[in-house]
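Thank you for making the time this morning. I would like to walk you through one model, and I will ask you to keep the display in view while I talk.

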Amino acid sequence: MATCYNFSAGPAMLPESVMQQAQAELRDWRGSGTSVMEVSHRGPAFMAVAAQAEADLRDLLAIPDDYTVLFLQGGASSQFAAVPLNLRSPQGCADYYLTGAWSVKAIAEARRHLSVRVVADMHEHQFTQLPVAGGVAFNPQADYVHYTPNETIHGVEFGYIPDTGEIPLVADFSSSILSAPLPVERFGVIYAGAQKNIGPAGLTLVIVRNDLLGRVSDQVPAMLQYALQAEQGSMYNTPPTFAWYLAGLVFAWLKAQGGLQVMAAINQRKADALYAAIDQSDFYHNAVQLDCRSRMNIPFTLADTRLDKTFLAEAEQAGLLALKGHRLAGGMRASLYNAMPEAGVQALIGFMLEFERRYG
Ligand SMILES: Cc1ncc(COP(=O)(O)O)c(C=O)c1O
C-alpha cells in the first residue's frame, strides 16, 4: 500500500496500529470465532470492552469521580439539543459564544429549547479571532455558558478556558478533545463527536458533572436524557459497539504513546511547523490572528486561487489527501489530529515548498 496521509477534518485518519489491530481481529475477536460487531452489547465480553474504554479515558483525561462518562449516538449535533434539554431551568436561558460555523449551529439548535444570549459575536471579524480572556460578562441567571474551544471550519482555537464562576461551562470539544490534557473539573459538560480524535463516526462522548444530572424533565426524549443514559450505562438502546471498541483501541494507543502531555507536545510541533511554512512566503496565507490559531485544523489559501485545483490534484497524486477547505471557508485545510504523524506534516510542507517553487 502506498504511503498516504489523510488530512480530512472528519471522519479523520486513525492510528495505523489501531487499524492493524482492528483488521487482525475483525473476524475472530480474541479467539471467540466471531467479530466484536457480532456479540451482544450486554454480554460480559463487550461489557469488559466498554469498561476498559471508560477506565482508559478517565485515566487519560484525569476525569474526577463526580463526573459521568457517556458513550452515546447522534453526533455532536444531537448534543446541540441535548445540552439545553438537560440543563435548562424553568425560565430557560443560556449564554453562548459565537465564534465560527459550529457555534452558529449550536446556537440555532439551542434557540429551539431556551432563550439564548450571544455574549461574543465574532462574525464581524470573519471568525478569524476570538474574544480576549476575561472580556465577556455573563448573565448570573444563565443555566450555563456554551463555547466551542476549537472551530473546525474556521481554524480558530481558544488558548484559555472561560472563567464562568458558578455558572456551568459547556464545551463542544469535537475537534480538539484528547489533543492535550484538559482540566475537566472546570467544566459542567464536555461533549465531542468521535470522528476526529476518538474513533470512527457513530459514537458521541459526553462527560457530565453529576450534580447536573438531576435537572432534566421527564418530557425530554429518553435517548437524550443524560440521567437515564447514566443509569443504563449508556445502553438504553443498542450502542454503536464497533465504534466504541475502536475508541477503546485509540485510548489504549494514546496511553501507549505516553498520554496527553506527550500528544500535546507533538501536536504543537506539527502545527508550528505547518504555520511556519505558511508564514514564510506570500504564496500561502492563513488569516487567523496569531494567538487564536488552531493546532488541529489549519486553513490556508493560495495567493492565486486559480491554482487551487492544481494544488489539490497534485497533492493527491503525492498521497496527501483531503486538503480541500470546507465550502464555507474555501481554499485548503489541513487537519492535524493525534493520528497524523509528524512525517505526514513534513511531507505536506515539502510538497508545499516544491509547489511554490514551480508555480510561485
Ligand atoms: C466543532 C464541531 N462541532 C460539531 C460538529 C458536528 O458533529 P457531528 O457530525 O458529530 O454531529 C463538528 C463536525 O465536524 C465539529 O467539528
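What follows is a tour of the sheets, the helix contacts, two backbone details and the ligand site.

Before anything else, please bear in mind that this is a predicted model, and that the angles and contacts I quote are computed from it.

Let me begin with the seven-stranded sheet, which is open and runs in the order S2-S10-S9-S8-S5-S3-S4, with mixed pairing. Its edges are strand S2, residues 67-72, and strand S4, residues 115-121, each of which pairs on one side only. From one strand to the next, the twist averages 15 degrees. Within this sheet, strand S5, residues 145-147, runs parallel to strand S8, residues 169-172, and three bridges join the two; if you would like a pair to look at, tyrosine 147 has alanine 171 in S8 as its bridge partner. Helix H4, residues 101-110, packs on this sheet, where it touches strand S3, residues 93-98, together with S4, S5 and S8, and the direction of H4 makes about 160 degrees with that of S3.

The next sheet is also open, but it has three strands, in the order S11-S12-S14, and here the pairing is antiparallel. Which strands stand at its edges? They are strand S11, residues 284-285, and strand S14, residues 332-335, and because each has a single partner strand, one side of each is left without a neighbour in the sheet. Strand S12, residues 297-302, is joined to S14 by four bridges, the two running antiparallel, and phenylalanine 300 finds its bridge partner in S14 at methionine 332. Packed on this sheet is helix H7, residues 260-279, which touches S11, S12 and S14, and whose direction makes about 10 degrees with that of S12.

H7 also brings us to the helix pairs. The axes of H7 and helix H9, residues 342-359, come within 10 Å and cross at roughly 0 degrees, and since angles under 35 degrees count as roughly parallel, that is how H7 stands to H9. On the H7 side the contact is made by Ile266, Arg269, Lys270, Ala273, Leu274 and Ala277, and on the H9 side by Glu342, Val345, Leu348, Ile349, Met352 and Leu353. By class, the residues of this contact divide into nine nonpolar, no polar and three charged.

Helix H6, residues 241-257, takes part in the next two pairs I want to show you, beginning with helix H1, residues 16-24: the axes of H1 and H6 come within 10 Å and cross at roughly 135 degrees, which makes H1 oblique to H6. The crossing of H1 past H6 is right-handed. Ser17, Val18, Gln21 and Ala22 of H1 make the contact with Leu246, Leu249, Val250 and Trp253 of H6, and the residues involved divide into six nonpolar, two polar and no charged.

With helix H2, residues 44-61, the axis of H6 lies 9 Å apart, and the two pack at an angle of about 40 degrees; H2 and H6 are therefore oblique to each other. In this case H2 passes H6 in a left-handed crossing. Among the residues that make the contact are Phe46, Val49 and Ala50 of H2, and Trp244, Tyr245 and Phe251 of H6, while the residues of the whole contact divide into 12 nonpolar, three polar and three charged.

Two backbone details deserve a look. Glycine 10 and proline 11 are joined by a cis peptide bond, with omega at about -5 degrees, and proline 11 is found in the loop between strand S1, residues 5-6, and H1. The other is glutamine 126, which has a positive phi of about 50 degrees although it is not a glycine, and which is found in the loop between S4 and S5.

Finally, the ligand. Which residues surround it? They are Gly10, Gly75, Ala76, Ser77, Trp102, Thr148, Thr152, Asp172, Ser174, Ser175 and Gly193. Helix H3, residues 75-87, gives the most to this shell, with three residues. By class, the shell divides into two nonpolar, eight polar and one charged. You will notice that Gly10 appears in this list, and that glycine 10 is also a member of the cis peptide bond I mentioned a moment ago.

Terms used: Residues are numbered from 1 along each chain as its sequence is written. This is a predicted model: local features need pLDDT of at least 70, side-chain atom pairs count only at pLDDT 80 or more; totals for chains, interfaces and linings use all residues. A residue is near a molecule or strand if its C-beta atom, placed from the backbone, lies within 6 Å of it. Ala, Val, Leu, Ile, Met, Phe, Trp, Tyr, Cys and Pro count as nonpolar, Asp, Glu, Lys and Arg as charged, and the others, Gly among them, as polar. Two strands pair if DSSP finds at least two bridges between them. Two residues are in contact if their C-beta atoms, placed from the backbone, lie within 7 Å. Axes are lines fitted to C-alpha atoms, for helices over the stretch in contact, and angles run from 0 to 180 degrees between N-to-C directions. Angles under 35 degrees count as roughly parallel, over 145 as roughly antiparallel, 65 to 115 as roughly perpendicular and the rest as oblique. A crossing is left-handed if the near helix is turned anticlockwise from the far one by less than a right angle, and right-handed if clockwise.
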